[in-house]
Amino acid sequence: MADDNDLERTEPASPRRLEKAREEGQVARSQELTTFTLLIAASSSLWVIGSIIIQKLSAVLESGLRMEQEVAFNPALLLPRLFQLALDGLLAIAPLLGWLVIIALVAPMLLSGWLFSSKALFPDLKRLNPVNGLKRIFSSRGLIELVKAIAKVMVIGGVAAGIIWSHKQDVLDLVGMPLDTSLISMSRLIGLTFMLIVGAMLLIVVIDVPFQIWNHARQLRMSREDLRKEAKEDEGDPQVKGRIRNMQRQIARRRMMAEVPKADVVVTNPTHYAVALKYQDRSMRAPKVVAKGTQLIAARIRELADEHHIPVLEVPPLARALYHHVELDTEIPETLYTAVAHVLAYIFQLKRYQTTGGIAPQLSSEIAVPEEMDHA
């Protein structure tokens, strides 16, 4: 089953998959890179300050081997003396230890950057399953790790043996040297050995880092079905999205219908289109479309206009032009200023006639709409 899944997962991981894996603490890591960085930091430190550390440790050793008479015959003073010697030894190597702790924290970031994942802190009971443990041991990754371990032992052991053999006389000479001189020489020899071992491990790092990056990408590969499911989750369920759109349209429609009683006039086709216009000379630069619709919505707009005594005019070219070229709650374009001005002038005259009487106004016959705006 695992092989089948690997064969199906042929697509590279999506950005969402990579981000999720990073949140779970699953990133490309190279233990060999961390080990290499620690070794080179330790060897360089020993090369630079090794003699100082050796001198301090030798002083601690010399002080420990020197036994004062009162300490020798007073067991109560022995434990504080041992504690002080241990503290002096720790302080002697404290700079080296502190530097290596910093390197141990920084080294893993060289490959994948800073990462803190709380999910990685929670215990995973699946790791306690012996069957899963055996699968990991005998998996292809386990085989690769075994080959890497054997290679490291051969490389490090071979380099160390070669250095010791080539410097065997220097090692033998340490026996006849004074303590201070022999300790300094030994620290230099250890530092040189470390440097050469680190140089040999560089070959393993050069191979391991690209492998870890490739293996991490391979483990996160996705099948085409996974990509389709992820895309569906990102876009949302079509049925849910459809219901949301319907609700949004209904809300917008109710809001639009609430503006019809506030309109000054409704222009119709007469039955296919209906557009409600509103104009306030003090707050609007031009008349604005507050409602529009076709078929059933147009019929509802006309009904609301009749209920609230809003004038309804049959001007088909203007109704079609307003419906197709002006969005809701948007001012009319300049090309329709003249036509709308004739309509509004008639409406204002009609209101004055209904209030004060006089000669009944007539709708202008000069209402014209540019041909390119009339979708007849």
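Two strands are said to pair if DSSP finds at least two bridges between them. In this predicted model, strand β3 (residues 288-294) and strand β5 (residues 330-331) just make the list, pairing in the antiparallel sense over two bridges. One of the matched positions is valine 289, whose bridge partner in β5 is threonine 330.

On to the other neighbour of β3. Strands β2 and β3 also pair in the antiparallel sense, here over six bridges. Within that pairing, alanine 276 has alanine 291 of β3 as its bridge partner. As for how β3 sits in the fold, five of its seven residues are buried, so the strand is largely enclosed by the rest of the structure.

Next come the charged side chains. Side chains of opposite charge can pair when their charged atoms come close. In this model the count comes to six salt bridges. One of them brings together the side chains of glutamate 331 and arginine 285, at 3.1 Å from N to O. Glutamate 331 belongs to strand β5 while arginine 285 sits in the loop between β2 and β3, so this pair ties together parts of the chain that are 46 residues apart in sequence. Glutamate 331 has a relative accessibility of 26% and so counts as partly exposed, whereas arginine 285, at 64%, counts as exposed.

Another salt bridge joins the side chains of lysine 288 and aspartate 329, with 3.7 Å from N to O. This pair, too, links distant parts of the chain: lysine 288 is in strand β3, and aspartate 329 is in the loop between α14 (316-325) and β5, 41 residues apart. Aspartate 329 is exposed, with a relative accessible area of 55%.

There is also a salt bridge between glutamate 259 and lysine 262, where the closest N and O atoms are 3.8 Å apart. Glutamate 259 is partly exposed at 25% relative accessible area, and lysine 262 counts as partly exposed at 48%. Elsewhere, Arg300, Glu303 and Glu307 are linked in a network of salt bridges.

Asparagine 269 offers a look at a loop, the one between β1 (265-268) and β2 (273-278). With a relative accessible area of 11%, asparagine 269 falls under the 20% cut-off and so is buried. Leaving aside residues up to four places away in sequence, asparagine 269 touches Pro316, Ala319 and Arg320. With arginine 320 there is also a polar contact, the two side chains being joined at 3.0 Å.

Then there are the helical stretches earlier in the chain. The unreviewed UniProt entry places the feature "transmembrane region" at residues 33-54, 99-122, 143-166 and 186-214. In the model, residues 33-54 are 100% helix and 0% strand, and the end C-alpha atoms of this stretch are 28 Å apart. Residues 143-166 are likewise 100% helix and 0% strand, with 34 Å between the end C-alpha atoms.

Alanine 94 lies in helix α5 (residues 75-106). The C-alpha atom of alanine 94 is separated by 9.5 Å from that of isoleucine 53, although the two residues are 41 apart along the chain. Alanine 94 has a relative accessible area of 32%, which lies between the 20% and 50% cut-offs, so this residue is partly exposed.

Technical notes: Residues numbered from 1 in each chain as written. Predicted model: local features only at pLDDT ≥ 70, side-chain atom pairs only at ≥ 80, totals over all residues. Heavy atoms only, no water. UniProt positions renumbered as here; feature names shortened; annotations may be inferred. Helix = DSSP H or I, 4+ residues; strand = E, 2+ residues; numbered from the N terminus. Buried < 20%, exposed > 50% of the residue type's maximum accessible area, 1.4 Å probe, protein only. Polar contact = N/O pair within 3.5 Å; in protein donor to acceptor, adjacent residues only side chain to side chain. Contact = heavy atoms within 4.5 Å. Salt bridge = Lys/Arg side-chain N within 4 Å of Asp/Glu carboxyl O.
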